[in-house]
Every structure is written in structure tokens, then in C-alpha cells.
Amino acid sequence: MLKALGKAKEDELSEAGIIHTPLFRNIIVAPSLEEERLGYFSSQSLLIVISEKIALECDSTTVQNIFLHELAHALDYNLHGTLSGHSSQFRTCCRILGVDPDFEKSHVRTTLTDSNEKKDKIRKLLALSSSPFENEASEAIRKAKELMAKSGISLEKDDDERIYMVPLYQAKRFPFSIRKLLGYISSVTGVYVVTSCTEEGKTAVAYGSLEETEASIYLYDYLTNATEREIARLRRSGEHVTKDSFLCGALSSLMKRTSDDASDNAIIVIQGRNRALAKKIVFPDTKLSHRAMYSRGGDWKSYTKGQGFGSSLAIPSSFDRKELE
């Protein structure tokens with residue numbers, strides 16, 4: 001439904017001569033790194049992410065407005081080549097796309113907070129249902145059922161067999177630096193990255209838990225945006241920089257900085273779980289093979305400059321490596 005809506009908006013804008021290239025490539029439903037985040041637009045992969053909580057707990061009008069809000073970010077990026085946050089030019093994009101002028105994300109967050117509070121209350125009542133005092137137990141069950149009926153909330157056990165996927169990169173050909181970048185992201189977040197080939201080209205998809213897959217999107221965007229800004233700065237100053245070699249150099253420094261035996265072992269365990277689930281659920285009849293990465297050479301000076309950049313690049317705390325508890 002949302003993809004059809006997005007494509008219809010693209011067609012309208014294209015016919016009006018406002019845009020000349022697609023606004024987005026795909027839509028996924030996944031939770032955000034931060035609970036208050038309802039949606040997200042990835043400028044690097046042209047991907048729109050909608051919070052799973054929104055999709056499950058909000059009405060269709062709210063979901064549609066959140067999608068159009070993120071599509072407005074995509075339009076802003078398409079028209080101006082950058083994301084301007086919630087600026088006046090972004091609000092203009094919202095008006096162009098028909099986002100409800102009365103729509104406020106804060107109202108949605110309040111609704112979700114209220115829903116979470118009700119869930120907590122239901123959990124406490126269900127916990128009391130095991131009380132040795134018969135009257136207390138029966139009253140707790142009655143109140144829990146009553147609250148679930150009024151709110152439309154039903155609590156289910158977490159499904160350990162769940163796995164999520166996000167496309168990270170799509171192209172006819174994968175540069176060596178992109179393959180190195182995908183490997184680094186896997187080593188930091190624990191996602192299992194699978195590259196599939198079709199007539200249209202290749203697509204690298206990350207498989208993992210909700211948190212791991214969205215962390216991979218954020219990390220991909222953060223590193224590619226940071227390196228592109230630095231390369232642009234160096235080129236403006238007159239220096240010759242090869243993007244592929246520069247990114248490889250930056251990743252080599254980052255790998256050394258984040259290397260740690262304990263957390264590396266933890267990541268291996270997480271990757272193993274994600275690979276097993278992907279093999280079981282997504283590719284039950286497919287053999288997943290590993291291909292070694294190799295490079296046919298590069299620009300050593302650009303590689304060295306990338307190493308220097310990677311040695312001082314500040315990685316947000318949101319991307320800290322996982323450790324086994």
C-alpha cells in the first residue's frame with residue numbers, strides 16, 4: 001500500500017517536472033535505534049524505514065502520514081542534494097506531497113507511550129495471576145482481560161525465530177571498497193550480509209535482529225557520508241583522491257581501532273545465529289557460499305590519506321560493539 005502511494009506521488013511529481021529521478025528504492029518495516037523514532041529516510045540507499053511499532057499499533061491514516069513525512073525528506077534530498085532536517089524547505093516538501101497539516105509526530109509518540117504503559121500494567125496483572133491467593137489471582141486475570149479488551153492489546157511471547165532484513169547497497173557492480181565496508185558493518189553490528197544477483201544487478205542485504213539491521217543502516221550512512229564529505233574537502237583543496245582507495249584506508253584504521261578479542265568472539269556468535277536463521281527461514285533450499293575479497297590494486301596515496309582519516313573519525317556511541325553479558 002505504502003509503496004504504491006509513494007510511486008503514485010513520484011509519478012505526479014515527475015509529470016509536473018519537479019523531479020527527474022526516483023525518490024526512493026524500497027520501504028521496510030523495522031524498529032528504530034531510538035524508541036521515539038517513528039521513521040527514517042536513508043539518503044545513501046534511498047530507503048524509507050517505518051517503525052514496526054507504528055505499523056502494528058497505529059491506524060492507516062497515521063501510518064500514511066508518517067510515510068509521507070519520510071517521503072518529504074526524500075524529496076528534500078532529491079531537490080537539494082542534502083537533508084535539511086525539519087526546515088522551511090522540508091515543510092514545503094510536506095505540503096507538495098500532501099502531508100496532513102494537522103499531523104504531529106508528538107501526538108503519535110504520546111499514543112505509543114500510553115500503549116506501552118497499558119502493556120506494562122497488563123504484564124503486572126498477568127504476573128499476579130500466579131499468586132497463591134485465589135481471590136487475588138482471579139481478580140488480576142479479570143482486570144488483565146478487561147484492559148486487553150478495551151485497549152485491543154494482546155501480549156504474546158517474543159519469537160526467537162524472527163529475523164529481519166534491510167537492503168544496504170544495490171548496483172550493477174560492487175566496488176572493492178563497498179565489499180570491505182559491508183564486511184566491516186557486519187563485524188561491528190553482527191548482521192549477516194548476503195549478496196544476491198539478478199538481471200537488474202546485485203543487492204547486498206543485511207539479516208539480523210531488529211536492532212542489528214537498523215544499526216547497519218545507520219552505520220552505512222554515517223561512514224559513507226563522512227568519507228564523502230572528507231573526500232570533497234580534500235578535492236576542493238586541490239588534492240587528488242581516489243574514493244575506492246580512500247575508503248579502504250579508512251576502514252583499515254577503523255578495524256584496528258575496534259578490534260577486541262572478547263567482543264570479536266561475541267560478534268561471531270551473533271553472526272552465526274543470524275546466518276543460521278537466514279539459512280533456515282529465508283534460504284531453506286539454498287546453499288550460502290562465502291567468497292574471499294581481493295583487490296586488483298589501488299591508489300596508495302589515497303589509501304594512506306584514508307588511514308589517517310579513519311584513525312581520527314569519531315564513531316557515535318550508538319554503534320559500540322556488542323559484548324556478551
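In this predicted model, helix H3 (residues 60–80) and helix H4 (residues 88–97) have axes that come within 8 Å and cross at roughly 120°. The crossing of H3 past H4 is right-handed. If you would like to find the contact on your screen, look on the H3 side for Leu68, His69, Leu71, Ala72, His73, Leu75, Asp76, Leu79 and His80. Facing them from H4 are Gln89, Phe90, Cys93, Cys94, Ile96 and Leu97. Sorted by class, the contact of H3 with H4 has 10 nonpolar residues, four polar ones and one charged.

Stay with H3 for a moment and turn to its contact with helix H1. H1 covers residues 2–15, and its axis lies 11 Å from that of H3, with an angle of about 40° between the two. H1 and H3 are therefore oblique to each other. Here too the handedness can be given: H1 passes H3 in a right-handed crossing. From H1, the contact draws on Leu2, Leu5, Gly6, Lys9 and Leu13, while H3 brings Val63, Gln64, Phe67, Leu68, Leu71 and Leu75. Eight nonpolar, two polar and one charged residues make up the contact of H1 with H3. You may recognise some names: Leu68, Leu71 and Leu75 of H3 take part in the contact with H1, and these residues also belong to the contact with H4. A general point about helices helps when reading such lists: an α-helix has 3.6 residues a turn, so residues three or four places apart point the same way.

Now let us move to the strands. Three of them form an open sheet in the order E1-E3-E2, with mixed pairing. Strand E1 (26–29) and strand E2 (39–42) are at the edges and have a single partner strand each, so one side of each is left without a neighbour in the sheet. From one strand to the next, the twist averages 15°. Strand E3 (residues 47–50) pairs with E1 in the parallel sense, over four bridges. To locate one place where E1 and E3 meet, start from asparagine 26, whose bridge partner in E3 is leucine 47.

The last stop is helix H8, which lies across E1, E2 and E3 and runs at about 40° to E2. H8 spans residues 210–236, 27 residues in total. From its first C-alpha to its last, H8 reaches 40 Å, close to the 39 Å expected at 1.5 Å a residue. Just after H8 comes glycine 238, which takes a positive phi of about 95°.

How values were computed. Residues are numbered from 1 along each chain as its sequence is written. This is a predicted model: local features need pLDDT of at least 70, side-chain atom pairs count only at pLDDT 80 or more; totals for chains, interfaces and linings use all residues. Side-chain values use heavy atoms; hydrogens and water are left out. Axes are lines fitted to C-alpha atoms, for helices over the stretch in contact, and angles run from 0 to 180 degrees between N-to-C directions. Angles under 35 degrees count as roughly parallel, over 145 as roughly antiparallel, 65 to 115 as roughly perpendicular and the rest as oblique. A crossing is left-handed if the near helix is turned anticlockwise from the far one by less than a right angle, and right-handed if clockwise. Contact means heavy atoms within 4.5 Å. Ala, Val, Leu, Ile, Met, Phe, Trp, Tyr, Cys and Pro count as nonpolar, Asp, Glu, Lys and Arg as charged, and the others, Gly among them, as polar. The expected span of a helix is 1.5 Å times one less than its number of residues. Two strands pair if DSSP finds at least two bridges between them.
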